[in-house]
Amino acid sequence: MDGKPKAGVSMTSTWLRKHRLIYAGATRHPFILSIRDGTVDLSAFKRWLGQDYIFVRAFVPFVASVLIKAWKNSDHESGDIELVLSGVAALNDEIEWFKQEASKWGVELSGVVPEKTTRDYCRFLEDLMSPDVDYAVAMTAFWAIEAVYQESFAHCLEEGSKTPPELQEACQRWGNDGFGQYCSSLRNIADRELEKSASDGGPLVKVSEDMVTKAEVEFQRVLEYEVQFWNMSHGSPGRSAP
Ligand SMILES: Cc1ncc(CN)c(N)n1
């Protein structure tokens, strides 16, 4: 495999097929399946809530770093800046939602201690904020992070699911169609940027190939972190100690 997709097949489609096992591990995790079938352990849900609040607070500066890369790299007519800015605005609402949800469930957010998995995932985001990280690479990671939540929570809202009513609002937050369209737009930008690199035939061809390889590696790492994050929330074996 030379890292290039077949004609007419996007890079992200190629990777989704190639890494389908880990992608399914992230989007059909036992924690998500337990929400969907109504057997979820509420202490696991509360653990997820507290840890994800910490993650989301670290996600804001990451998305802001993508906004800066969009401003530096994209054609200002492309709509990339507006899209990423809408993501920052949505995260502002999301942080307020976490606070309200935490008080509903009696979770004291100021007392939540980040577990190792959360710390590692936040550190990964921090590394991606570096100006040395290409726009295509950061956008690929951004899309993958959002897409895992979208696919996971949308699964809990499908017909036949037995998601408890008190968890449906959480599932709606990421599982709604609007968020699905937002994820598709992020994916299109990632594909456009990756294709620019893949088709670069000039003296920078090696640099471009390295960038596509790096994006694929970060895509896989996001999926691995997402699985670990669900494992930690679910209290699965192998869960890392704080
Ligand atoms: C761990 C994780 N991954 C993704 C998302 C969606 N922004 C989130 N809130 N938390």
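## A walk through an all-helix model

The protein has 10 helices and 0 strands. Read from the N terminus, its elements run α-α-α-α-α-α-α-α-α-α. The radius of gyration is 18 Å, close to the 18 Å that the globule rule gives for 242 residues, so the protein is as compact as a globular protein of that length. Please keep in mind, as you turn it on your screen, that this is a predicted model.

Let us begin with the overall picture. The C-alpha trace spans about 60 × 35 × 30 Å along its principal axes. Its accessible surface comes to about 11600 Å², and carbon and sulfur atoms account for 53% of that. As for the inside, 48% of the 242 residues count as buried. The contacts tell you how the chain comes back to itself: among those between residues at least 6 apart in sequence, 84% join residues at least 24 apart. The charges can be summed up briefly too. There are 26 positive and 36 negative ones, and the mean positions of the two sets are 4 Å apart.

Now step into the interior. Which residues touch the most other members of the largest nonpolar core? This core has 76 residues, and the ones in question are Ile 35, Trp 48, Phe 59, Phe 62, Met 139, Phe 142 and Phe 153. Helix α7, which covers residues 135-155, gives the most to this core, with 14 residues.

Phe 153 is a good place to pause. Setting aside neighbours within four places in sequence, Phe 153 is in contact with Ile 32, Ile 35, Trp 48, Cys 171, Trp 174, Gly 175 and Trp 230. Two of these partners, Ile 35 and Trp 48, also appear in the list of residues that touch the most other core members.

From here, look at helix α3, residues 30-36, where you will find Leu 33. Is Leu 33 buried or exposed? Its relative accessible area is 32%, which lies between the 20% limit for buried and the 50% limit for exposed, so Leu 33 is partly exposed. Not counting residues up to four places away in sequence, Leu 33 touches Arg 28 and His 155. The C-alpha atom of Leu 33 is 8.8 Å from that of Ser 152, although 119 residues separate the two along the chain.

Next, follow helix α10, residues 205-234, to Ser 233. What is the relative accessibility of Ser 233? It is 0%, so Ser 233 counts as buried. Beyond residues up to four places away in sequence, Ser 233 touches Phe 31, Ala 44, Arg 47 and Trp 48. Trp 48 is one of the contacts of Phe 153 as well.

His 234 lies in helix α10 too. With a relative accessible area of 29%, His 234 is partly exposed, whereas Ser 233 is buried. The contacts of His 234, again leaving out residues up to four places away, are His 29, Pro 30, Phe 31, Ser 34, Ala 44 and Arg 47. Phe 31, Ala 44 and Arg 47 are also touched by Ser 233. For a sense of distance, the C-alpha atoms of His 234 and Phe 98 are separated by 18 Å, with their places 136 residues apart along the chain.

A last stop is helix α9, residues 177-198, which holds Gly 178. Gly 178 has a relative accessible area of 41% and is therefore partly exposed. The C-alpha atoms of Gly 178 and Arg 57, which are 121 residues apart along the chain, are separated by 22 Å.

Terms used:
Residues numbered from 1 in each chain as written. Predicted model: local features only at pLDDT ≥ 70, side-chain atom pairs only at ≥ 80, totals over all residues. Heavy atoms only, no water. Helix = DSSP H or I, 4+ residues; strand = E, 2+ residues; numbered from the N terminus. Rg over C-alpha atoms; globule rule 2.2 N^0.38 Å. Buried < 20%, exposed > 50% of the residue type's maximum accessible area, 1.4 Å probe, protein only. Contact = heavy atoms within 4.5 Å. Areas by Shrake-Rupley, 256 points an atom, 1.4 Å probe, with all protein chains shown as cover. Lys, Arg positive; Asp, Glu negative; His and termini not counted. Charge placed at Lys NZ, Arg CZ, Asp CG, Glu CD. Core = buried A, V, L, I, M, F, W, Y, C linked by side-chain atoms within 4.5 Å.
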